[in-house]
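Biologist: I have this model open beside its sequence and would like a close look at one loop, with the backbone explained for someone who works at the bench. After that, please carry on to whatever else is worth seeing.

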Amino acid sequence: MSSKPVVLIAEELSPATVDALGPDFEIRHCNGADRAELIPAIADVDAILVRSATKVDAEAIAAAGKLRVVARAGVGLDNVDVSAATKAGVMVVNAPTSNIVTAAELACGLLVATARNIPQANTALKNGEWKRSKYTGVELSEKTLGVVGLGRIGVLVAQRMSAFGMKIVAYDPYVQPARAAQMGVKLLALDELLEVADFITVHLPKTPETLGLIGDEALHKVKPSVRIVNAARGGIVDEAALYSAIKEGRVAGAGLDVYAKEPCTDSPLFELDQVVCTPHLGASTDEAQEKAGIAVAKSVRLALAGELVPDAVNVQGGVIAEDVKPGLPLAEKLGRIFTALAGEVAARLDVEVYGEITQHDVKVLELSALKGVFEDVVDETVSYVNAPLFAQERGVEVRLTTSSESPDHRNMVTVRGTLSDGQEVSVSGTLAGPKHLQKIVAVGDYDVDLALADHMVVLRYEDRPGVVGTVGRILGEAGLNIAGMQVSRAEEGGEALVVLTVDDTLPAPVLAEIAEEIGATSARSVNLI
């Protein structure tokens with residue numbers, strides 16, 4: 001038998017992937033989409049390489065007694081149970097930058113295609129129809145391109161389309177204006193962008209907050225000549241609202257590569273001549289597939305050699321003290337809560353760790369908090385290694401402070417940020433009991449004591465009778481059940497803060513109704529799934 005580590009390739013990958021692995025491994029192959037073939041094949045391997053068809057779920061991980069690495073040759077990790085892998089001590093890696101150029105180029109292609117009706121004219125001509133006047137288009141030069149989401153792909157699109165002579169504006173609450181100005185991009189509020197853009201291209205992560213962001217209300221604010229491209233995530237552009245807008249002449253056209261439900265082969269949008277559609281081709285180039293395969297092969301080599309893995313998604317790649325490990329998901333969730341409360345990226349971010357845990361190296365808690373801070377900000381997978389890069393790109397100063405003193409809790413983690421206007425936002429949490437129950441214990445200067453949940457609401461308002469009843473009534477009318485609630489105040493009649501946990505995502509209109517009826521000075525919805 002071979003003494004070499006065994007690497008299972010469960011889907012067809014670029015030949016360059018095997019070359020990048022080199023001669024130090026025993027390479028096996030299987031059809032990962034066939035569960036009956038996958039489960040026995042994974043039993044004694046050290047690493048598995050997959051694309052999107054193989055589901056590396058809890059069952060597969062449990063069946064893999066020797067597994068140390070799951071490598072996804074691509075960006076998305078929907079088919080990998082990262083939580084189950086982490087619990088089993090299995091590293092998950094992907095190729096986060098393998099397709100950014102490819103995705104950006106496709107978005108640019110859809111912009112050009114929608115402007116000049118290229119696919120429609122091509123189809124007509126191949127059907128024997130010479131219709132020059134029907135497919136008259138518009139120039140891109142001197143038009144305004146609105147980039148919704150100025151992450152890596154959004155930046156690449158902005159750079160490329162500026163070469164067409166387009167004026168670039170962008171909406172991204174998590175990018176500092178000075179950073180955008182360096183790229184020649186003017187930041188606008190979303191409503192302003194909708195009003196001035198001749199073309200709109202979407203490059204956001206899909207979150208409860210961005211789902212349906214370009215919906216019916218937004219599409220009543222745009223120019224009737226606007227053309228909209230979505231090559232990011234399905235559902236960010238509301239497809240039903242887009243169909244109505246095009247049919248009613250409120251939107252001139254659209255280019256779509258992604259859909260709310262995929263595969264999508266039957267949509268009313270496909271009936272419209274003004275719509276250019278592709279079947280989620282964002283990562284589908286030979287170059288992107290080769291880059292992805294080579295990247296994960298290199299990660300597998302590093303991981304099996306016990307070295308730091310830059311593209312590790314769930315572990316840092318170094319030794320983490322057992323007492324520190326339970327704090328990782330807590331710190332990450334506190335980072336996500338911070339971002340939801342702040343509504344922007346902080347100019348300075350402090351991760352503070354208190355208590356007995358500080359006798360160990362807790363640098364990984366800073367990384368975990370940073371990972372959470374950017375989880376819902378960028379449209380890429382955030383890892384312990386690239387999170388500091390996202391902070392650096394956005395000009396965020398990050399500091400870790402520790403103290404063995406923790407008067408109220410055995411251990412506590414605080415994520416504290418100073419925003420661009422000088423305002424400070426902070427959230428603190430701890431682990432309680434032998435089961436390490438994750439709890440939120442402070443929001444700013446307000447003490448609370450509430451178990452973390454997938455769906456939370458944080459409200460600030462002037463303390464007065466009846467507010468809690470009003471909140472409960474509105475949630476009840478919306479069919480949302482309150483799982484937990486904590487009210488905190490500094491003094492009677494002053495400002496009060498309430499933290500709610502609810503059983504489902506709070507729709508934006510319901511949150512707005514609550515804020516209006518109670519006169520909230522701040523109303524934020526937090527979703528941790």
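Modeller: Happy to! Let's start with H436, which sits in the loop between β16 (424-432) and β17 (437-443). Please keep in mind that this is a predicted model. The phi of H436 is near 55 degrees, a positive value in a residue that is not glycine. Why look twice at that? Because most residues other than glycine have a negative phi. As for its surroundings, H436 counts as partly exposed, since its relative accessible area is 39%, and partly exposed covers the range between the 20% and 50% cut-offs.

Another histidine tells a similar story. H280 has a positive phi of about 50 degrees, again without being a glycine. You will find H280 in the loop between β12 and α12 (286-304). H280 is partly exposed, with a relative accessible area of 39%.

On the other side of β12 there is a further backbone feature to inspect. P263 belongs to the loop between β11 (253-256) and β12 (275-277). The peptide bond that leads from E262 into P263 is cis, and its omega is near -5 degrees. For context, most peptide bonds are trans.

If you work with cysteines, you may wonder how many disulfides the structure holds. The count is zero. A disulfide is a covalent bond between the sulfur atoms of two cysteines. Take C264 as an example: the closest cysteine sulfur belongs to C277 and is 8.0 Å away, so the two are too far apart for a bond. The cut-off for a disulfide is 2.5 Å between the sulfur atoms. Elsewhere, C30 is a buried cysteine, with a relative accessible area of 11%.

Now for a tyrosine. Y135 lies in the loop between α6 (118-126) and β6 (144-148). Is Y135 buried or exposed? Y135 is buried, at a relative accessible area of 12%. Leaving out neighbours within four places in sequence, Y135 is in contact with R116, N117, Q120, A121, A124 and D273. The C-alpha atoms of Y135 and A115 are separated by 9.8 Å, and these two residues are 20 apart along the chain.

A115 takes us to helix α5 (residues 100-116). This helix has 17 residues and reaches 25 Å from its first C-alpha to its last, close to the expected 24 Å. α5 is mostly covered, with twelve of its 17 residues buried. Among them are L106, C108, L110, L111 and A115. Just after α5 comes N117, with a positive phi of about 55 degrees; N117 is also one of the contacts of Y135.

Last stop, a sheet. Four strands form an open sheet in the order β20-β21-β19-β22, paired antiparallel. At the edges are β20 (482-489) and β22 (522-527), each of which pairs on one side only. On average, neighbouring strands of this sheet are turned by 15 degrees against each other, direction ignored. Inside it, β19 (residues 455-462) and β21 (residues 495-502) run antiparallel and are joined by eight bridges. To trace one of these on your screen, begin at R460, whose bridge partner in β21 is L497. Helix α13 (residues 327-342) packs on the sheet, touching β19 and β22, and its direction makes about 145 degrees with that of β22. Helix α17 (residues 508-518) also packs on the sheet and touches β19 and β22; its direction makes about 20 degrees with that of β19.

How values were computed. Residues are numbered from 1 along each chain as its sequence is written. This is a predicted model: local features need pLDDT of at least 70, side-chain atom pairs count only at pLDDT 80 or more; totals for chains, interfaces and linings use all residues. Side-chain values use heavy atoms; hydrogens and water are left out. Helices (H or I, at least four residues) and strands (E, at least two) are DSSP runs, numbered from the N terminus. The expected span of a helix is 1.5 Å times one less than its number of residues. Buried means under 20% relative accessible area, exposed over 50%, partly exposed in between (1.4 Å probe, protein chains only). Two strands pair if DSSP finds at least two bridges between them. Axes are lines fitted to C-alpha atoms, for helices over the stretch in contact, and angles run from 0 to 180 degrees between N-to-C directions. Contact means heavy atoms within 4.5 Å.
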